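Hi,

Here is the structure I promised to pass on. Have a look at it first, and then read my notes underneath.

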Amino acid sequence: MPKRLLVTGGAGFIGSNFVKYILEKYGDIEVVNLDKLTYAGNPDNLKEAEDNPRYTFVKGDICDREIVEKTAEGCDCIINFAAETHVDRSISDPASFIMTDVYGTYVLLEATRALEIPKFIQISTDEVYGDAGEELSREDSPLMPQSPYAASKAGADRLAYSYYVTYGAPVVITRCSNNYGPNQYPEKLVSLFVTNALDDQVLPVYGTGKNTRDWIHVLDHARALDMVMNAEGLEGEVFNIGTGTELGVLEMADLILEALGKPKSLVEMVEDRPGHVRRHAVNTEKIRSRLGWKPEVDFKQGMLNTVEWYAHNRWWWEKIKSGEFKEYYRRMYAGLQKQ
Ligand SMILES: NC(=O)c1ccc[n+]([C@@H]2O[C@H](COP(=O)([O-])OP(=O)(O)OC[C@H]3O[C@@H](n4cnc5c(N)ncnc54)[C@H](O)[C@@H]3O)[C@@H](O)[C@H]2O)c1
């Protein structure tokens with residue numbers, strides 16, 4: 001078990017949930033969080049950890065070799081969550097995705113080699129597979145990313161693998177499906193729809209609304225990563241993480257509106273985004289049989305708890321939605337034709 005963990009991007013949605021989970025579960029692990037605090041990084045996500053003597057926050061960019069090496073010194077595991085993550089933004093601004101997601105991962109891998117860090121976990125995504133078609137994507141399925149985000153993540157995923165093959169770097173790669181839960185920046189589907197519905201604003205649904213995703217509660221993801229972190233002998237391996245609960249965007253909108261007692265008329269069908277993947281769905285037999293992981297959160301209950309969290313934590317998202325977000329939202333949705 002690692003004693004000093006470097007988490008990058010730990011002020012974001014999944015990273016912050018993971019950091020809190022680890023600090024609470026283990027009394028003897030120190031966590032260092034290196035985060036640039038982009039628009040998506042939010043110190044409010046880690047309020048509970050701030051005073052924990054085993055938690056250190058470092059503001060910095062994973063593309064900055066000096067700060068990365070300084071921060072990684074003495075750590076025995078790096079988990080790389082840091083990334084630009086929103087598909088829509090990657091369509092209008094691919095450069096920052098290529099920089100952080102690919103080059104930033106390269107800098108971290110170099111530090112892993114230079115400092116001989118015993119373990120490096122690359123948080124990849126099921127988006128790297130592109131459209132699953134009729135089959136579930138397996139770890140050895142071809143990577144056919146369809147957005148600059150997915151392509152950048154695929155680049156980082158394979159770069160990490162190449163460091164294992166070429167230099168023997170102790171790399172493990174995980175590819176998780178769509179996460180939902182508390183502290184998700186409200187540009188992503190679930191957090192956007194829930195917070196819009198709470199404000200009686202429309203829920204913009206792209207295309208037919210039939211595009212499906214596999215949904216996982218962020219704590220089930222954290223539990224899977226905890227197992228990957230603690231297991232021995234996984235170097236060079238890839239693990240899919242997902243639940244098998246597939247739901248279309250329109251079905252998700254209906255579920256949220258029903259949970260909040262809001263009318264279905266809040267749904268607004270808008271023109272599709274370019275390259276929109278019809279279906280992401282992963283085969284998770286490997287992580288289940290090799291590590292004994294399985295999801296523990298019931299989907300309906302997990303979604304109800306999530307909706308409740310946003311309803312009770314307006315202070316968290318109202319701040320975000322009143323800032324830069326307003327301009328982003330206008331840019332993204334104002335010009336779209338209603339369908
Ligand atoms: N959200 C999902 O459903 C999902 C699914 C599978 C995989 N992932 C992957 O999980 C990771 C975390 O996703 P998330 O949804 O929590 O993202 P997020 O956008 O909420 O958080 C990303 C974090 O990375 C930080 N960051 C960005 N650029 C940085 C840089 N150059 N240097 C240091 N920090 C930087 C941001 O400040 C932010 O705190 C990402 O790698 C993403 O690709 C996400």
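Below is what I found, going from the whole chain down to a few single residues.

One thing to keep in mind throughout: this is a predicted model.

**Overall build**

The secondary structure adds up to 12 helices and 12 strands. The C-alpha trace spans about 55 × 45 × 35 Å along its principal axes. For 339 residues, a compact globule would come out with a radius of gyration near 20 Å, and the protein has 19 Å, so the two agree. Of those 339 residues, 56% count as buried.

The contacts are mostly long-range ones: counting those with a separation of 6 or more, 83% are between residues 24 or more positions apart. As for the surface, about 14,200 Å² is exposed, and carbon and sulfur atoms supply 50% of that. On charges, there are 38 positive and 51 negative ones, and their mean positions sit 2 Å apart.

**Cysteines**

How many disulfides does the structure hold? The count is 0. I looked at Cys-75 in particular: the closest cysteine sulfur belongs to Cys-77 and is 8.9 Å away, which is too far for a bond, since a disulfide needs the two sulfurs within 2.5 Å. The same pair turns up from the other side, as the nearest cysteine sulfur to Cys-77 is that of Cys-75, and Cys-77 is in no disulfide. Cys-75 counts as buried because its relative accessibility is 5%, and Cys-77 is buried too, with a relative accessible area of 0%.

**Two positive phi angles**

Asn-183 is not a glycine, yet it has a positive phi of about 70°. You will find Asn-183 in the loop between strand E7 (178-180) and helix H6 (189-198). With 6% relative accessibility, Asn-183 counts as buried.

Asp-200 is another non-glycine residue with a positive phi, near 55° in this case. Asp-200 belongs to the loop between H6 and strand E8 (203-206). Is Asp-200 buried or exposed? Neither, quite: at 47% relative accessibility Asp-200 counts as partly exposed, because the exposed class starts over 50% and the buried class is under 20%.

**Two buried residues to click on**

Ile-320 is part of helix H11 (residues 314-321). Its relative accessible area is 12%, so Ile-320 is buried. Which residues does Ile-320 touch, once neighbours within four places in sequence are set aside? They are Asn-42, Tyr-185, Pro-186 and Phe-325. For a sense of distance, Ile-320 and Ser-152 are 168 residues apart in sequence and 26 Å apart in space, taken C-alpha to C-alpha.

Ala-49 sits in the loop between strand E2 (30-35) and strand E3 (55-59). Although in a loop, Ala-49 is buried, with a relative accessible area of 2%. Not counting residues up to four places away in sequence, Ala-49 is in contact with Leu-23 and Tyr-55. Glu-69 is 20 residues from Ala-49 in sequence, and their C-alpha atoms are 24 Å apart in space.

That is everything from my side for now.

Cheers

Conventions
Residues numbered from 1 in each chain as written. Predicted model: local features only at pLDDT ≥ 70, side-chain atom pairs only at ≥ 80, totals over all residues. Heavy atoms only, no water. Helix = DSSP H or I, 4+ residues; strand = E, 2+ residues; numbered from the N terminus. Rg over C-alpha atoms; globule rule 2.2 N^0.38 Å. Buried < 20%, exposed > 50% of the residue type's maximum accessible area, 1.4 Å probe, protein only. Contact = heavy atoms within 4.5 Å. Areas by Shrake-Rupley, 256 points an atom, 1.4 Å probe, with all protein chains shown as cover. Lys, Arg positive; Asp, Glu negative; His and termini not counted. Charge placed at Lys NZ, Arg CZ, Asp CG, Glu CD.
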